[in-house]
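I opened this notebook to record what I looked up in the structure. The entries follow the order of my reading.

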Amino acid sequence: MGLKTLFSLFFITVFHATSLWSQSSDKLWYDEPANYFEETLVLGNGQQGATVFGGTATETIYLNDITLWSGSPVKVADMNPEAYKYLPAVREALKNEDYALADSLNKSLQGKNSETYAPLGTLKINFHNEGEVKNYYRELDLNNAISSVAYEQNGVEYKREYFVSHPDKVLIIKLTSNNKKALNFDIKFESLLNYKTAVNKGVLKGVGSAQIHSSPTYLSDTVFEARAKENGGTRFISLIQLKNTDGELISTDSTIGVQNASEVLVYVSLATSFNGFDKNPVTEGADYEGIANKQLEKAFAKTYQELKTNHVSDYQTYFKRVSLSLGETTAPNLPTDERLKRYAEGKEDKNLEILYFQYGRYLLISSSRTPEVPANLQGLWNHHYYPPWSSNYTMNINIEENYWLAENANLSEMHQPLLSFINNLATTGAVTAKTFYGAGGWCVAHNSDIWAMSNPVGNFGQGYPGWANWNMGGVWVSTHLWEHYTFTKDEVFLKNKAYPLMKGAVQFCLDWMVEDKDGKLITSPSTSPENNYITDKGYHGATFYGGSADIAMIRELFTQTLAAETVLENDEAFSLKLKQALDKLLPYKISETGSLQEWYFDWKDEDPQHRHQSHLFGLFPGHQITPVATPSLANACRKTLEIKGDETTGWSKGWRINLWARLGDGNHAYKMYRELLNYVEPDAIRPKDSWRGGTYPNLFDAHPPFQIDGNFGGAAAVVEMLLQSTENEIYLLPALPDNWNTGEVQGICARGGFVIDMKWKNGKLKTVKVTSKAGSPCKINYGGKTMDVVLKSGETKELTF
């Protein structure tokens with residue numbers, strides 16, 4: 001055996017060690033390049049994102065910047081300034097039980113549709129090598145947020161490493177070979193947007209602009225489908241530069257490349273002119289070219305090891321906080337797509353279950369670190385000119401589900417983009433409340449975007465009220481403010497940021513609600529997100545009054561706001577007014593089927609298995625319904641879930657897993673968690689009549705198509721099965737599945753400012769360590785036994801039950 005052959009075997013063995021021996025709870029890996037988006041590996045620093053295919057003839061990398069959207073600041077005041085004048089007619093129709101007329105009139109309370117999250121561009125590396133490729137391997141290592149590719153071609157070993165650095169704000173690609181003249185390639189930049197490229201002093205520059213306006217894919221609004229020209233949309237720039245250790249750098253007027261090299265670094269710097277939700281990105285835009293040039297200049301002056309060390313250190317600050325083990329596994333360590341297929345057959349793979357959980361945490365770190373710009377429907381990664389549902393902020397579940405794991409999975413900092421975005425929503429939402437509803441405070445409807453659009457959508461009467469007219473988005477998203485406080489106990493945040501926003505959302509509700517015939521406060525008009533009713537006379541509609549989902553969200557916000565005032569003791573008069581309104585809210589009702597009633601009357605659902613279960617908000621993510629405190633309502637929620645069944649979209653499965661966990665049914669939650677990981681083919685080859693929710697080969701959530709909310713909801717549910725909490729009490733292993741009878745978790749968080757480490761064996765808790773971040777007292781409950789715990793801030797105590 002020759003020396004070269006021995007080296008080759010050593011190279012392959014070492015690089016593939018992950019797939020041969022090591023635990024596979026922290027790596028996604030594959031034995032071939034991606035052919036479709038849903039097979040790619042994604043990277044991000046919370047603002048810039050890269051979608052890596054890992055090709056050998058051509059490497060394709062989609063580039064994104066989370067601030068690149070169509071449109072410009074929303075002009076709410078001029079949109080439909082007299083919409084509120086139609087409100088009395090809608091209410092009168094409902095009072096007369098004329099639901100068809102109410103549906104029709106409700107369309108008058110509509111405005112423009114949201115803008116669209118845009119794809120920045122595509123980086124293509126064209127390799128000039130030919131020959132059969134052997135021993136191919138690519139991976140994403142969740143421990144360090146680095147993707148790698150390795151293969152052999154013509155007896156030469158090639159390796160690549162990719163990461164997107166938050167500290168240095170660049171995408172870095174390192175290409176190496178074990179032959180000094182084996183690297184020969186050129187790089188070009190392309191975009192679906194209006195763009196142009198040039199090469200200057202070895203830097204490939206791509207500049208362009210997003211659309212002036214872009215409508216959702218489900219509308220044929222071709223009149224406004226204009227690409228940005230002249231003074232159009234948000235500007236963007238991509239700068240690409242190479243650093244070689246040997247060989248020769250080459251370029252044309254539109255490409256850069258290298259010849260006869262053995263190691264090359266690729267630096268990619270991205271920026272946009274977005275300068276805030278209320279700033280025109282053209283006339284008041286950020287200096288995007290200056291920003292990108294500065295990022296590139298600083299990064300280019302550093303070595304690869306310096307850049308990598310900065311990146312890994314920053315990322316691991318967050319990712320390493322939480323670890324999870326579920327005991328021994330006998331599952332073979334297959335490529336991730338093969339593991340999913342095997343798992344779908346009902347076979348055991350505990351490390352895949354851990355991998356999915358940690359992947360959700362990875363995705364949140366990678367997509368949510370930009371102030372006032374939360375992760376959207378696709379997180380950060382979009383390659384479509386017309387992405388599904390505009391890849392916007394859908395306020396009736398999806399943006400909130402994106403952040404369910406932020407606090408309990410110990411990623412509170414990643415919650416900040418959403419929490420700061422709420423202030424922007426309140427600004428435009430105050431105008432929406434006034435012009436669309438004649439109300440004070442602030443509100444948000446079904447959709448929003450980077451410009452904090454808050455109006456009801458529908459394109460001025462073209463939308464169906466079932467999705468277009470819902471206006472409880474501000475109420476729902478405001479509950480995240482209190483959630484953040486309960487996990488952090490940050491009173492400065494509560495006083496200066498959270499409470500004023502919560503109060504504004506409450507004020508809208510107080511002005512918006514009316515009394516029913518029994519003197520109970522209800523919403524009118526109301527819709528239950530995207531679902532339809534069938535009246536006792538057979539009418540199928542969406543507009544009604546007194547929706548259970550509306551009241552559940554309002555009750556949750558009212559309760560939280562009262563609790564906030566109790567902490568701050570600064571608004572007694574408003575608190576008294578709020579208590580009186582809370583006492584008058586329409587109570588929950590249980591239908592003849594035993595399920596929780598969704599409609600004011602005990603009507604049938606048009607689709608009993610509908611993906612939305614908004615009227616169960618009080619069970620999760622709310623806290624009004626529990627098996628202990630409200631057993632009859634909890635049983636009604638259980639009946640609702642039984643009627644709906646378990647087969648639904650990916651994000652809806654994520655929600656239902658959390659609901660089952662709150663009911664204390666860990667085995668049913670686990671059953672649905674397994675089903676969330678059902679293998680789904682990439683969209684391009686998936687049967688067109690197949691709409692089964694699950695997981696794509698790269699672990700992205702399949703609605704289908706791809707929506708990231710299911711990843712986040714599913715990851716949050718893992719913690720919910722292991723740990724639940726209120727402001728005053730912590731419940732250990734409240735919904736532990738039989739299949740997870742032995743395990744260990746470290747670093748998950750409970751309300752009250754606590755961090756929990758636990759070990760359990762044969763379904764029984766063995767040890768628990770409690771660390772207090774705020775010095776608050778709490779009760780800890782396990783198996784019905786309660787222990788009072790008082791710790792100083794920073795103190796850790798081990799408990800025995």
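**Entry 1: strand pairing.** I looked up the partners of strand β16 and began with β9 (residues 170-177), which is joined to β16 by six bridges in an antiparallel arrangement. In this predicted model, I172 stands opposite Y267 of β16. I then turned to strand β13 (residues 235-244), which pairs with β16 through nine bridges, again antiparallel. Within that pairing, I noted that L242 has V266 of β16 as its bridge partner.

**Entry 2: cover of β16.** How many residues of strand β16 are buried? I found that nine of the 10 residues in β16 (residues 263-272) are buried, and I recorded the strand as mostly covered.

**Entry 3: aromatic pairs.** I next turned to the aromatic rings. I recorded a count of 45 aromatic pairs. One of them is formed by W69 and Y117, with 5.7 Å from centre to centre and 50° between the planes. I entered this pair as tilted, because an angle that is neither under 30 degrees nor over 60 falls in that class. Where do the two residues lie? I located W69 in the loop between β4 (58-65) and α3 (87-95), and Y117 in the loop between α4 (99-106) and β5 (121-127). The pair therefore links distant parts of the chain, 48 residues apart. Are W69 and Y117 buried or exposed? I read a relative accessibility of 0% for W69, so W69 counts as buried. Y117 is also buried, with a relative accessible area of 0%.

**Entry 4: a second pair.** I then examined Y533 and W599, whose ring centres are 5.4 Å apart and whose planes make an angle of 75°. This pair is edge-to-face, because the angle is over 60 degrees. Y533 belongs to strand β22 (residues 533-534), whereas W599 is in the loop between α16 (572-584) and β24 (604-605), so the pair ties together parts 66 residues apart in sequence. I noted that both Y533 and W599 are buried.

**Entry 5: the cluster.** Which aromatic cluster includes Y533 and W599? I found both in one cluster with Y99, Y539, F544, Y545, Y600, F601 and W603.

**Entry 6: charges over rings.** I closed with side chains placed over ring faces. K589 lies over the face of Y600, 4.0 Å from the ring centre, and Y600 is itself a member of the cluster in the preceding entry. I also recorded R674 over the face of Y343, at 3.8 Å from the ring centre.

Conventions: Residues numbered from 1 in each chain as written. Predicted model: local features only at pLDDT ≥ 70, side-chain atom pairs only at ≥ 80, totals over all residues. Heavy atoms only, no water. Phe/Tyr/Trp six-rings, centres within 6.5 Å; stacked < 30°, edge-to-face > 60°. Helix = DSSP H or I, 4+ residues; strand = E, 2+ residues; numbered from the N terminus. Buried < 20%, exposed > 50% of the residue type's maximum accessible area, 1.4 Å probe, protein only. Lys NZ or Arg CZ within 6 Å of the ring centre and 35° of its normal. Pairing = 2+ DSSP bridges.
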